[in-house]
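User: Hello! I am new to this structure and would enjoy a close look at one part of it. Could you take me through it step by step?

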Amino acid sequence: MPGGSGMMPDGMMGRSMMIPSGMMDGMPMMSMRGHMMKIMFAVADADGDGALSFEEVTAIHKRIFDGVDANNDGKVTTDELQAFMRP
Ligand SMILES: [Ca+2]
Ligand SMILES: [Ca+2]
């Protein structure tokens, strides 16, 4: 994907994947999931009103679809899906 998607905090996502395992000690998994949820929600909530409208959810789905559709032919094949799941 060319660097056009200003909404996606790519740098932030990349860093959160590289948290040293030591930092996870004593941290309940639920709070980690809650944190991820908040990030996902903030990314999805395009107008920042604290709620997801149908249009906002649809936009996310479209973005995911476009991300999986590697050759941009408007169709997602099992090959593209597998390539997306296994970077
Ligand atoms: Ca919203
Ligand atoms: Ca395709």
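To get my bearings, how many helices and how many strands does the protein have? After that, please look closely at Ala46: where is its place, and is Ala46 buried or exposed, or partly exposed?

Analyst: Happy to help! This is a predicted model, and the protein in it has four helices and zero strands. Read from the N terminus, the order of elements is α-α-α-α. Confidence comes next: the mean pLDDT of the protein is 81, and 64% of the residues score at least 70. Among the elements, helix α4 (residues 78-85) has the highest mean, 94, while helix α1 (residues 10-17) has the lowest, 58. Where pLDDT is low, the predicted coordinates should not be read in detail.

Now to Ala46, which sits in the loop between α2 (29-44) and α3 (54-68). Ala46 counts as partly exposed because 13 other C-beta atoms lie within 10 Å, whereas a buried residue would need 20 or more. In the protein as a whole, buried residues make up 0% of the 87 residues.

What does Ala46 touch, leaving aside residues up to four places away in sequence? Its partners are Glu56 and Ala59. Val57 is 11 residues from Ala46 along the chain, and their C-alpha atoms are 9.6 Å apart.

Helix α3 deserves a look too. Its 15 residues, at 1.5 Å a residue, should span 21 Å, and the end C-alpha atoms are indeed 21 Å apart, so the two values agree. The number of buried residues in α3 is zero, so this helix lies largely in the open.

Conventions: Residues are numbered from 1 along each chain as its sequence is written. Chains are lettered from A and ligands numbered from 1 in the order in which they are written. This is a predicted model: local features need pLDDT of at least 70, side-chain atom pairs count only at pLDDT 80 or more; totals for chains, interfaces and linings use all residues. Helices (H or I, at least four residues) and strands (E, at least two) are DSSP runs, numbered from the N terminus. A residue is buried if 20 or more other C-beta atoms lie within 10 Å of its own, exposed if 12 or fewer, and partly exposed in between; C-beta atoms are placed from the backbone. Two residues are in contact if their C-beta atoms, placed from the backbone, lie within 7 Å. pLDDT is the predictor's confidence in each residue, from 0 to 100. The expected span of a helix is 1.5 Å times one less than its number of residues.
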